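Student: Please take a close look at how strands and helices are put together here. I want pairings, angles and contacts, with the cut-offs behind them.

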Amino acid sequence: MLNVQTYGGGLWHTWFDRDLSVAGRAIVRASDGSFLHKLVKVKRPLLRVPTLAIHLNRTVNTDGFKPNLETHLVPLLATKPEEVPGESKDKSTLCTKAAHHPLLMQILSDELRCDVDDIVNIELNICDTQPSCLGGANNEFIFSGRLDNLASSYCALRALVDSCGSPDDLSREHAIRMVALFDNEEVGSDSFQGAGAPTMFQAIRRIVGSLAKSYAGESTFDRTIRRSFLVSADMAHGVHPNFMDKHEEHHRPEMHKGLVIKHNANQRYATSGVTAFLFKEVAKIHNLPTQDFVVRNDMGCGSTIGPILASGVGIRTVDCGIAQLSMHSVREVCGKEDVDIAYKHFKAFYQTFSSIDRKLIVD
């Protein structure tokens, strides 16, 4: 068995009876005494969290499946006792208890092509081994893990690269195009690599200083932030056909209908009337569909990094996302067409936002 710790608000029951493995990073000691940071992923099924048979839990279908996250969510690694290669048979030798299962360490050493003793530290996540695929009668869906929020990240990064494919793409650009990808959004973003860290704005400050050089005054950076625009892209809650009452009647985002612009009067999303207009105007010019989402008043509302960044330095922000189902499940679903629409919308934003923004007059 392997001890694990849950991260964020997952739909933990979906992790049971799945073919699981591990992926992450390791610090490996090199032959010259230096330490190398290496990524590692074991592709074969390695772990499983088995459910309890119905015969031993007769009320599970009436009372609900309510696993204890400490005792019931422990993955099964092996039951057959086998000697780990290289393991010492000298029981008289005193040694500290290994921090990680020796079988797991041997598997990692095989993947990393190093000795077990050269793995000085690891940081691993449990992951599903089933690859992403298209599905549905018309192959219209994407079935995959971690669509939230790798789908938005992929669309944004590809749009940035493709919007700068040739020198002519930037010949009339008056702004800087950039993308920022953060970690730990699901647990509040307050981390070294999260949106709560000053990384993005430090990068903007360095860019401003490099371009302005001796012309940069004390307020140059502040004016740059005020004139900038942030698209906070995170996946959105598509209306579930079996639970349509969970959405406000007139705000039910559907798959294949374009990016969802999120609004919340209590500032759980950072969208304003001005920022929504600017982002929709980009879509209108390029004939791209958009949708609007407002949560029901009697339902809780999630949040994004949008309010964190908007309130941190005062940058104009719109919150948007691709409509999906099964959010935070081990296996999520979104529309294939929506990924293409999101890419086109982000690319159009990079290419035309500056010209649209100059036409807007706000008192």
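**Strands, sheets and packed helices**

Tutor: Start with one residue pair: Ala26 stands opposite Lys38 in S2. The model is predicted, so local features need pLDDT of at least 70 and side-chain atom pairs pLDDT 80 or more, while totals for chains, interfaces and linings use all residues. Residues are numbered from 1 along each chain as its sequence is written, and side-chain values use heavy atoms, without hydrogens or water.

Elements are DSSP runs numbered from the N terminus: helices (H or I) need at least four residues, strands (E) at least two. Two strands pair if DSSP finds at least two bridges between them. Strand S1 (residues 20–29) and S2 pair in the antiparallel sense, over seven bridges. They belong to an open sheet of three strands, in the order S2-S1-S3, with antiparallel pairing. Its edge strands are S2 (35–41) and S3 (119–128), and each pairs on one side only. Neighbouring strands here are turned by 15° against each other on average, direction ignored. Helix H2 (residues 102–112) packs on this sheet and touches S1, S2 and S3. The direction of H2 makes about 95° with that of S3. Contact means heavy atoms within 4.5 Å. Axes are lines fitted to C-alpha atoms, for helices over the stretch in contact, and angles run from 0 to 180 degrees between N-to-C directions.

Now the other sheet. Four strands form an open sheet in the order S6-S10-S8-S9, with mixed pairing. S6 (229–233) and S9 (290–294) are the edge strands, each paired on one side only. The average turn between neighbouring strands of this sheet is 35°, direction ignored. Strand S8 (residues 259–263) pairs with strand S10 (residues 316–321) in the antiparallel sense, over two bridges. Ile261 stands opposite Cys320 in S10. Helix H8 (residues 336–359) lies across S6, S8, S9 and S10, and runs at about 165° to S6.

H8 also has a helix partner. Helix H6 (residues 273–285) packs with H8 at an angle of about 110°, their axes 9 Å apart. That angle makes H6 roughly perpendicular to H8. The classes are: under 35 degrees roughly parallel, over 145 roughly antiparallel, 65 to 115 roughly perpendicular, the rest oblique. The crossing of H6 and H8 is right-handed. A crossing is right-handed if the near helix is turned clockwise from the far one by less than a right angle, left-handed if anticlockwise. In H6, the contacting residues include Leu278, Phe279 and Val282; in H8, they include Phe346, Phe349 and Phe353. By class, this contact of H6 with H8 has 10 nonpolar, two polar and two charged residues. Nonpolar covers Ala, Val, Leu, Ile, Met, Phe, Trp, Tyr, Cys and Pro; charged covers Asp, Glu, Lys and Arg; the others, Gly among them, are polar.

One more helix pair. Helix H4 (residues 199–212) and helix H5 (residues 220–227) pack at about 120°, with axes 10 Å apart. H4 passes H5 in a right-handed crossing. Phe201, Ile204, Arg205 and Val208 in H4 meet Thr220, Phe221, Thr224 and Ile225 in H5. The residues of this contact divide into five nonpolar, two polar and one charged.
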